[in-house]
Amino acid sequence: MMAESTTQTLTEAALAQLIVETLKLDQKPGEIDPEAQLYGEGVEGDGLGLDSIDMLEIALVVSQRYGVKLRAGEDSNVEIFRSLRSLNAYIQTHREP
């Protein structure tokens, strides 16, 4: 992997902090690879290992913080929640000013 792909942007770092605080993860926000899978363990065991309840909590806090609506059962959720980077990109594109 290229170094750039594992470096968090400022908005990704803020989102990682929000996820860690919301879910009370033992991991430090800066340790989250922005390309690692959020849901489950990932292909190489490098994902965060979050489950469906965790994803609902993240969706709720994202809605509250950023004004972005995420609905359960949407086909696009698989891609939106694929990684910290994809979730952040969705938020930045759809957030309320």
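I'll start in the loop between α1 and α2, since that is the place of K24. This is a predicted model, so keep that in mind throughout. K24 is not a glycine, yet its phi is positive, at about 55°. As background, most residues other than glycine have a negative phi. K24 counts as exposed, because its relative accessibility is 68% and the cut-off for exposed is over 50%.

Now the overall layout. The protein chain has four helices and zero strands. Read from the N terminus, the order of elements is α-α-α-α. The chain is 97 residues long, and 39% of them count as buried. If you take the contacts with a separation of 6 or more, 55% of them come from residues 24 or more positions apart.

Next, the two helices on either side of that loop. Two packed helices are described by the angle between their axes and the distance between the axes. Helix α1 covers residues 10-23 and helix α2 covers residues 52-66. They pack at an angle of about 125°, and their axes are 10 Å apart. That angle makes α1 oblique to α2. The crossing of the two is right-handed.

Which residues of α1 and α2 meet? On the α1 side they are A14, L15, L18, I19, T22 and L23. On the α2 side they are D54, E57, I58, V61, V62, R65 and Y66. By type, this contact has nine nonpolar residues, one polar and three charged.

Last stop, helix α4, which runs over residues 84-94. Its buried residues are L84, S86, L87, N88 and I91. What do these buried residues pack against? They pack against α1, α2 and α3, the last of these being residues 77-80.

I want to spend a minute on S86, which sits in α4. Is S86 buried or exposed? It counts as buried, because its relative accessibility is 11% and the cut-off is under 20%. Its side chain has two polar contacts to go through. One is to the backbone oxygen of I80, at 3.0 Å. The other is to the backbone nitrogen of S83, at 2.9 Å. Leaving out residues up to four places away in sequence, S86 touches E79, I80 and F81. I80 therefore appears twice for S86, as a polar partner through its backbone oxygen and among the residues that S86 touches, where contact means heavy atoms within 4.5 Å.

To close, two residues to look at on the screen: K24, exposed and with a positive phi, and S86, buried in α4.

Key:
Residues numbered from 1 in each chain as written. Predicted model: local features only at pLDDT ≥ 70, side-chain atom pairs only at ≥ 80, totals over all residues. Heavy atoms only, no water. Axes fitted to C-alpha atoms, helices over the stretch in contact; angles between N-to-C directions. Parallel < 35°, antiparallel > 145°, perpendicular 65-115°, else oblique. Left-handed = near helix turned anticlockwise from the far one by under 90°. Nonpolar A, V, L, I, M, F, W, Y, C, P; charged D, E, K, R; others polar. Buried < 20%, exposed > 50% of the residue type's maximum accessible area, 1.4 Å probe, protein only. Polar contact = N/O pair within 3.5 Å; in protein donor to acceptor, adjacent residues only side chain to side chain.
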